[in-house]
Amino acid sequence: MCGRYVIAQAPETYRAFYGYPERPNFPARYNVAPTQPVPVVTADHGARHVRLVRWGFWPAWLKDPRDFPLVINARVETLREKPTFRGALRHRRCVFLADGFYEWRRDGQGKTAVKTPFAIRRADGAPMALAGLWEPWMGADGSEVDTAAIVTCGANGTLAAIHHRMPAILSPEGVAAWLDTDHVDGGAAAALCRPCPDEWLTLDAVSDRVNSVRNDDPDLLTPVGTPQPEPAKRADAQGPARSSDEDAQGRLF
């Protein structure tokens, strides 16, 4: 699951890292939320470009978005099966510009449950290449909206301590292959979306101010000193209860 993330580095850092010609001048954002406009990298016959999309995927066949759930994540295990994502996996793959994301650890059950937010970032400070799928949608009135979702996979050992899913984080080589829809088919692309090595990531408990989308400032990334979670078994071995809205989406498509 990935429901909030961070775009904090300078625009030129992303441009140099991904190699697109545009020079977008967007501000740092520390609490990116679903349905907001977000930048992604796409490729057209090898040429990379950056574009703004709505974070919340609308398949091209959708008639009325008001009757459609909020689809911000796409499970890699079922991308080739779901009508919502099959076409995008073959033809419209993208990479979300990001530096990190937030995840919440749930302790307890019911009304007494406590949710602790954590910020997950790359240990080397490089941009975090989140695999995504995008789709242009056209309304009956002729309106056009580009939409996208983040691809998720099972958690690695680091993330399994707080959640059983994580975004698919690509290596630089993986970025090239993921964006190459001319030569890399959907099956080979999906195989790139696997848990990243544990050493790629740092994980810090942060303030629950991140729970509100109204808060969007660098202090959201400041560790609060909460002890780090104990290492956990891999989620696919534990088989934890599935509770994210991503799972609800999976039942529909």
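Which residue in strand 8 is the bridge partner of Tyr102? I looked this up first, bearing in mind that the model is predicted. The partner of Tyr102 is Ala119.

**Entry: the strand pair**

I then looked at the two strands as a whole. Strand 7 covers residues 100-107 and strand 8 covers residues 114-122. They run antiparallel, and eight bridges join them.

**Entry: the sheet**

I traced the sheet outward from this pair. Five strands make up an open sheet, and I noted their order as 2-1-7-8-12, with antiparallel pairing. At the edges I found strand 2 (29-32) and strand 12 (201-205). Each of these has a single partner strand, so one side of each has no neighbour in the sheet. I also looked up the turn between neighbouring strands of this sheet, which is 25° on average, with direction ignored.

**Entry: aromatic pairs**

How many aromatic pairs does the count come to? I noted seven. One of them is formed by Tyr5 and Phe96, with 6.0 Å centre to centre and 80° between the planes. I recorded this pair as edge-to-face, since planes over 60 degrees apart count as such. Tyr5 belongs to strand 1 (residues 4-7) and Phe96 to strand 6 (residues 93-96), so the pair ties together parts that are 91 residues apart in sequence. Ring pairs also bring in Trp55, which makes a cluster with Tyr5 and Phe96.

**Entry: Tyr5 and its surroundings**

Is Tyr5 buried or exposed? Its relative accessibility is 0%, so I entered Tyr5 as buried. Phe96 also has 0% relative accessibility and therefore counts as buried. I listed what Tyr5 touches, leaving out residues up to four places away in sequence: among them are Tyr30, Val38, Trp55, Phe96, Phe101, Tyr102 and Ile150. Tyr102, from my opening question, is thus one of the residues in contact with Tyr5.

**Entry: nonpolar cores**

I looked up the largest nonpolar core and found 66 residues in it. Tyr5 and Phe96 are among those with the most contacts inside this core, as are Tyr18, Val95, Leu133, Val151 and Trp178. Another core, of nine residues, lies apart from it and includes Val6, Tyr30, Val206 and Val210.

**Entry: charges over rings**

Last, I looked for charged ends over rings. The charged end of Arg51 sits over the ring of Trp134, 4.2 Å from the ring's centre. For Arg93 the ring is that of Trp178, with the charged end 5.5 Å from its centre. Trp178 had already appeared in my notes on the largest nonpolar core.

Notes:
Residues are numbered from 1 along each chain as its sequence is written. This is a predicted model: local features need pLDDT of at least 70, side-chain atom pairs count only at pLDDT 80 or more; totals for chains, interfaces and linings use all residues. Side-chain values use heavy atoms; hydrogens and water are left out. Two strands pair if DSSP finds at least two bridges between them. Helices (H or I, at least four residues) and strands (E, at least two) are DSSP runs, numbered from the N terminus. Axes are lines fitted to C-alpha atoms, for helices over the stretch in contact, and angles run from 0 to 180 degrees between N-to-C directions. Rings of Phe, Tyr and Trp (its six-membered ring) pair if their centres lie within 6.5 Å; planes under 30 degrees apart count as stacked, over 60 as edge-to-face and the rest as tilted. Buried means under 20% relative accessible area, exposed over 50%, partly exposed in between (1.4 Å probe, protein chains only). A charge sits over a ring if NZ of Lys or CZ of Arg is within 6 Å of the ring centre and within 35 degrees of the ring normal. A nonpolar core is a set of buried Ala, Val, Leu, Ile, Met, Phe, Trp, Tyr and Cys residues joined through side-chain atoms within 4.5 Å. Contact means heavy atoms within 4.5 Å.
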